[in-house]
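Q: Please take a close look at a single helix of this protein, together with what surrounds and follows that helix. I would like the conventions spelled out as they come up.

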Amino acid sequence: MNVKNFDRKFALHHQRSFGGRWQAYLFSASIGFVFISIQLFAIRDKPISNIANSAKPLQATNRFSHSDISSPYEQIFVVERLPAYQKKKSPEAQKIEKTISPTDRICFVHVGKSGGSTVGCALGFGLHCYNNTKMMDGILPRRTTNMFHADCYDCYDESANFLFVVRNPLERIKSAFLYERPYGINWLKNNYPQYYERRKAFYMDCPFRFLEDWVQSGLLGKTGSRGSKYRVSEECQEIARHAVWGTRRYQEHLYFNYQFHLEGLPDNAKLLTIRNEHLLDDWNQIEQYIGGEKDILTPENAEAAFPVINKKNMTKDPSVKIDPYSSPKYLSEESTNALCRHLCNEIVNYKKILRRSVNLNYLQIEESITELRESCGKYADYEEGDCHYDMPDIKGKLLNFRGYADKVQLEAVEGHKQRLENPLPPSKRIIGTEEEQEEKDLLMDDDAYPLPYSL
């Protein structure tokens, strides 16, 4: 073979070999492209995932990656809607809210029967504000954008502060008892079927129509009012104890108590507190603490700024007409002492809130504890571990109602997707006349008492 023929054959072989390699490369690339495309389509067609479904261990949180909506509550309970009373009402407030990042927001912790509806209306929330949509002046109402109330935690865990309104625990429980007392069994069944079984078990099946009878018969195991020799059953005594401890759900405001709202917050939460008994002073102090105007509220404008909200009409309560005691809130000295004894752990949690509050100093905290001594005596000074009963373990309650979730079910995610596609809310169900409906709305939540403004 001469050199020329060899060169020609080598060149031809090299050309064929080179072309074959490129064909192989192109074929491999095509297969890879098809494989990647299949994976992408498969991922797109999978159900929406959330961070709680990842393999890594997670801390309990209220943030889920699949949600594009602004309500933290609706990010957890994706098939539920945030109650209207927990939203800001005025267009101005809603516009301001969108400009505030989660880390600059204040969460309003509304513990029932502590004065929360009155303060909540001043902050601009719906609640029972008699169509008043105007926020008060100042920084506090504008930065307080979300609310935690009972079984509806609608706050960002990383909020700058969590704002409590608190009240003497003994006075709070008196108000809660009277507020949730039904007018009658048929009234309860027709108006509040969702509460029927629980409240019937407490107020109807057990003879706990009056505060004094609840304590004497239920907590002390003695006879009831008007010289009765009848003693309540062990079951009713058990119901009485668990109601005041907040370990069974007979009344909403006793079940969702200070302990629930305090332990439902992130561990590193910074608290602000308005004491009901010193509302004006504490509001002004918080406003100044967060950079607002000093003494923005004065004694002259306090009454207009904080009207009494959601006051129960006691004249419509048939129990008042047959009440054997001098007033609906009557408690004998023996009953007061017994109720404070059972409230001991709640008093401990009340003091924890005061002591963790960055706006209150030592003298203000002692002032509130001194006021509590006037009604509860030695129990005002008991600390955790001193009480006759152990601090309740409420992990189960928090998991069920606070909104910690390890997994969001597929059905809930699908419902959430449908809501995003069809955001129109269902029409409001009207019961009876507009006047009757308005009365029912006003009875849905708390705070039926006059406020002391510490003027």
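A: What follows sets the scene, then turns to helix H9 and its surroundings, and ends with two loop residues.

The model is predicted, so local features need pLDDT of at least 70 and side-chain atom pairs count only at pLDDT 80 or more, while totals for chains, interfaces and linings use all residues. Residues are numbered from 1 along each chain as its sequence is written, and side-chain values use heavy atoms, with hydrogens and water left out.

The protein contains 21 helices and five strands, where helices (H or I, at least four residues) and strands (E, at least two) are DSSP runs numbered from the N terminus. Of its 455 residues, 49% are buried, meaning under 20% relative accessible area with a 1.4 Å probe and protein chains only, as against exposed at over 50% and partly exposed in between. The accessible surface comes to about 23600 Å², with 54% of it belonging to carbon and sulfur atoms; such areas come from the Shrake-Rupley method with a 1.4 Å probe, and for residues only the protein chains shown count as cover. Among contacts with a separation of 6 or more, 76% are between residues 24 or more positions apart, a contact being heavy atoms within 4.5 Å.

Helix H9 spans residues 211-219. Nine of the nine residues of H9 are buried, so this helix is largely enclosed by the rest of the structure; among them are Leu211, Glu212, Asp213 and Trp214. The cover over these buried residues includes helix H6 (169-180), helix H8 (196-204), H10, helix H11 (252-255) and helix H16 (333-342). After H9 comes Gly221, whose phi is positive, near 70 degrees.

One of the covering helices, H10 (residues 234-245), packs against H9 at an angle of about 120 degrees, the two axes lying 8 Å apart. That angle makes H9 oblique to H10, since under 35 degrees counts as roughly parallel, over 145 as roughly antiparallel, 65 to 115 as roughly perpendicular and the rest as oblique. Here axes are lines fitted to C-alpha atoms, for helices over the stretch in contact, and angles run from 0 to 180 degrees between N-to-C directions. H9 passes H10 in a left-handed crossing, that is, with the near helix turned anticlockwise from the far one by less than a right angle, whereas clockwise would be right-handed. On the H9 side, Trp214, Ser217, Gly218 and Leu219 meet Gln237, Ala240, Arg241, Ala243 and Val244 of H10. By class, this contact of H9 with H10 holds five nonpolar, three polar and one charged residues, with Ala, Val, Leu, Ile, Met, Phe, Trp, Tyr, Cys and Pro taken as nonpolar, Asp, Glu, Lys and Arg as charged, and the others, Gly among them, as polar.

Two further covering helices, H6 and H8, also meet each other. Their axes come within 11 Å and cross at roughly 110 degrees, and H6 and H8 are therefore roughly perpendicular to each other. Ala176, Phe177 and Glu180 in H6 meet Arg199, Phe202 and Tyr203 in H8, a contact with four nonpolar, no polar and two charged residues.

Elsewhere, Gly124 sits in the loop between helix H4 (116-123) and helix H5 (139-143), and counts as buried at 3% relative accessibility. Cys387, in the loop between helix H18 (362-376) and helix H19 (395-402), is buried with a relative accessible area of 12%.
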